[in-house]
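Visitor: Could you walk me through this model? I'd like to start with the interface and then move on to other things.

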Amino acid sequence: MSKSFFISKEDAFHICDKSQYKESTLWEKVKLMFRCIYCRNTRFYVSRNTKLTEAIKTSRLDCLKEHERQMLEAQLKKHLKNEV
Amino acid sequence: MSEHPINPNKWIELYSDYLFNYTITRVNDREIAKDLIQDTFFAGLKSMKNFKGEASERTWLISILKRKIIDYYRKINSTKGQAEVRMTYSNSEDHEGDWLEERVEDEGYLNAQETLENTELGDAIYDCMDKLTEKQARVFKMKTILNYETETICNELKITPSNLWVIIHRARTAMAECMEKNWL
């Protein structure tokens, strides 16, 4: 990642993605905000990405953990064998 | 030939998360949700011959799952004393006023309308996730829904952090586009 205050669009998108998971540094956020001032594409990406994060948060989505999925898969396979 | 072929070997990969999210929002218990999904898959295997292929496999599994959820609620409601509400409040003067606090609405409480909207939103998100590639969906779920650390996902899937972020970027872009079309 560039140490300069100016960052590329790709770097800005990457920082924005990391920010959604609270994995970006303060300096990265500052650089992203600065880019947002003069780049419409970055502003659009940040806005859409943030909306997606909000939607996921609001929906309180849940899914199976890896070990739960594996257990379910093993049971289904066992049952499938018996059925055949 | 049926319009939608059936393939139980793909059920876990394709539908387990969708069915789990559908169930957990309705029964609010992880263990029970897992049991109901397992019962649904077993029932699906039993009645595979009856699947005409008019609806998609997922719709068919959901219809079985709905019956399982209804059966579950029938069962717990028919158990004697389960529906009884017990409230005990201390008569001690030390606890005077506590009952008021205990009756204050929980901050996390959602009304029926909000719950319905969130369920629909969850379904819309899952519909969009279905359009991602298998790897994108897996990484996106692990990172976004299960909140796994980057390192854990990289170790689990044997990918580098930069690979992970590329996958996440593509998944988020596709998800945002899909959500704009289908939800917003």
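Guide: What follows is a short talk about the contact between two chains, the record annotations and a disulfide.

Guide: This is a predicted model, in which local features need pLDDT of at least 70, side-chain atom pairs count only at pLDDT 80 or more, and totals for chains, interfaces and linings use all residues. Residues are numbered from 1 along each chain as its sequence is written, chains are lettered from A and ligands numbered from 1 in the order in which they are written, and side-chain values use heavy atoms, with hydrogens and water left out.

Visitor: How many residues does each chain put into the contact?

Guide: Chain A contributes 34 residues and chain B contributes 47 residues, where contact means heavy atoms within 4.5 Å.

Visitor: And how much area is buried between them?

Guide: About 3900 Å² is buried between chain A and chain B, with 63% of it on carbon and sulfur atoms; buried area is the accessible area (1.4 Å probe) that two parts lose on being put together, summed over both.

Visitor: How many salt bridges cross it?

Guide: The rule finds eight salt bridges across the interface of chain A and chain B, a salt bridge being a side-chain nitrogen of Lys or Arg within 4 Å of a carboxyl oxygen of Asp or Glu. B:Asp17 pairs with A:Arg69 in a salt bridge whose closest N and O atoms are 3.0 Å apart.

Visitor: Which helices of chain A supply the side that touches chain B?

Guide: Helix H1 (9–20), helix H3 (40–59) and helix H4 (66–83) of chain A each supply at least two residues of that side, with helices taken as DSSP runs (H or I, at least four residues) numbered from the N terminus. H3(A) gives the most, with eleven residues.

Visitor: Switching topic, what does UniProt list for residues 12–76 of chain B?

Guide: An unreviewed UniProt entry lists "domain: RNA polymerase sigma-70 region" there, and annotations of this kind may be inferred rather than shown by experiment. Over residues 12–76 chain B is 82% helix and 0% strand (strands being DSSP E runs of at least two residues), and the end C-alpha atoms are 27 Å apart.

Visitor: What about disulfides, how many turn up?

Guide: A search of the whole structure finds one over all chains, counting cysteine sulfur atoms within 2.5 Å. B:Cys128 and B:Cys178 form the disulfide, with their sulfur atoms 2.1 Å apart.

Visitor: Why is it called left-handed?

Guide: The torsion about the S-S bond of B:Cys128 and B:Cys178 is about -80 degrees, so the disulfide is left-handed. The pair links distant parts of the chain, with B:Cys128 in helix H5 (residues 112–129) and B:Cys178 in helix H8 (residues 161–182) of chain B, 50 residues apart.
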